[in-house]
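Colleague: I would like a close look at one part of this protein. Please take me to the main pocket and the helices around it, and keep the sentences short.

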Amino acid sequence: MLEAALALFARQGIVDTTLGEIAREAGFTPAMMHYYFKTRDQLLDVLIDERFAPLRAGLGVPFQEHADDPVAAITTLTQRLVQVASENPWFPSLWVREVISDGGLLRQRMHERFGNVQQKASLECIARWQKEGRLNAALEPSLVFVTLLGLTILPLATSKLWREDPMRCNVGGEEIARHAVALLVQGIGPKKAG
């Protein structure tokens, strides 16, 4: 049932998905669905606890593992985002629809549940790296994650649209992660000799 809910939420949004539709998608009767989940909010809380909380916790680890190496931390975070999205096909579309879009119900519920402690810690880490001269001081710390999501999750969410495009049909998670890291670490200028 949870997988069916995630697939439908990613495809049509949380607000526009009923418990009856989820039951049909999962091959259950609406009555059986109602037995497990009385409301869509109850289902959403279970999804947050069982699926999103572990993913969210794992995404914060690179900044702890590489507290003194911003390039390693951002590279690892990029790779983990792509890995999470590859292992959970519903993740990119759902994230775009329900977390980074205006009015996303999932973002609201997760913020109510978890607050922004992890986000603040990551932003403080970025600011510290900038102060120490380890990270470009011109970067806006609050935009680093938005940029990273734009470079990874957005291409993964739209990859179904360009599977028939001969120029992009062979681009997958590994290529997206490599591209994002290269762009973030080296910029768009030619690679410097060294």
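Modeller: First, the setting. The secondary structure comes to 10 helices and 0 strands. From the N terminus on, the elements run α-α-α-α-α-α-α-α-α-α. This is a predicted model, and every value below is computed from it. The C-alpha atoms fill a box of roughly 65 × 45 × 25 Å, taken along the principal axes. Of the 194 residues, 38% count as buried. The accessible surface comes to about 11300 Å². Carbon and sulfur atoms hold 56% of that surface. Now take the contacts with a separation of 6 or more: residues 24 or more positions apart account for 62% of them.

Now the pocket. The largest pocket has a volume of about 750 Å³. Its lining counts 21 residues. Nearest the centre lie Arg56, Trp95, Gln119, Phe145 and Leu149. By type, the lining divides into 11 nonpolar, 8 polar and 2 charged residues. Which helices supply at least two residues each to this lining? They are α4 (40-65), α5 (70-87), α7 (105-114), α8 (117-131) and α9 (141-158).

Start with Trp95, one of the residues nearest the pocket centre. Trp95 sits in helix α6, which spans residues 91-98. Phe91 is in α6 too, 4 residues from Trp95. That spacing is why about one helical turn separates the two. The general rule is simple: an α-helix has 3.6 residues a turn, so residues three or four places apart point the same way. Phe91 and Trp95 form a stacked aromatic pair. Their ring centres are 5.0 Å apart, with 25° between the planes. Both Phe91 and Trp95 are buried.

The structure holds 6 aromatic pairs. Another of them joins Trp90 and Phe91, and this one is edge-to-face. Here the figures are 6.1 Å centre to centre and 65° between the planes. Trp90 is buried, as is Phe91. So what does the wider group look like? Phe52, Trp90, Phe91 and Trp95 form one aromatic cluster. Trp95 therefore has two roles in this picture: a stacked partner for Phe91 in helix α6, and a place among the residues nearest the pocket centre.

Stay with α6 a moment longer. Of its 8 residues, 6 are buried, so the helix is largely enclosed by the rest of the structure. The buried ones are Phe91, Pro92, Ser93, Leu94, Trp95 and Glu98. They pack against α1 (2-12), α4, α5, α7 and α9. Of these partners, α4, α5, α7 and α9 also each supply at least two residues to the pocket lining.

Next, helix α8, another contributor to the lining. Three of its residues show how burial varies along the helix. Ser122 is found in α8. With 8% relative accessibility, Ser122 counts as buried. Leaving aside residues up to four places away in sequence, Ser122 touches Phe63 and Phe145. Phe145 is a name you have met: it is among the residues nearest the pocket centre.

Ala121 also belongs to α8. Is Ala121 buried or partly exposed? Its relative accessible area is 44%, so Ala121 is partly exposed. For a sense of distance, take Thr78, 43 residues from Ala121 along the chain. The C-alpha atoms of Ala121 and Thr78 are separated by 18 Å.

Gln118 is in α8 as well. Gln118 is partly exposed, with a relative accessible area of 24%; the cut-off for buried is under 20%. Which residues does Gln118 touch, not counting those up to four places away in sequence? They are Arg56, Ala57, Leu59 and Gly60. Arg56 is again one of the residues nearest the pocket centre. Between Gln118 and Thr76, 42 residues apart along the chain, the C-alpha separation is 17 Å.

One last point, on helix α2. Gly20 is found in α2, residues 19-26. Gly20 is buried, with a relative accessible area of 17%. The C-alpha atoms of Gly20 and Lys120 are separated by 39 Å. Along the chain, those two are 100 residues apart.

Methods
Residues are numbered from 1 along each chain as its sequence is written. This is a predicted model: local features need pLDDT of at least 70, side-chain atom pairs count only at pLDDT 80 or more; totals for chains, interfaces and linings use all residues. Side-chain values use heavy atoms; hydrogens and water are left out. On a 1 Å grid over the protein atoms alone, a cavity is a set of points where a 1.4 Å probe fits but cannot get out, and a pocket is an open set with protein on both sides within 12 Å along at least five of seven lines; lining residues have an atom within 4 Å of a point. Grid points are joined across faces, edges and corners, and a volume is the space filled by probe spheres set on the points. Ala, Val, Leu, Ile, Met, Phe, Trp, Tyr, Cys and Pro count as nonpolar, Asp, Glu, Lys and Arg as charged, and the others, Gly among them, as polar. Rings of Phe, Tyr and Trp (its six-membered ring) pair if their centres lie within 6.5 Å; planes under 30 degrees apart count as stacked, over 60 as edge-to-face and the rest as tilted. Buried means under 20% relative accessible area, exposed over 50%, partly exposed in between (1.4 Å probe, protein chains only). Contact means heavy atoms within 4.5 Å. Accessible areas come from the Shrake-Rupley method with a 1.4 Å probe; for residues, only the protein chains shown count as cover.
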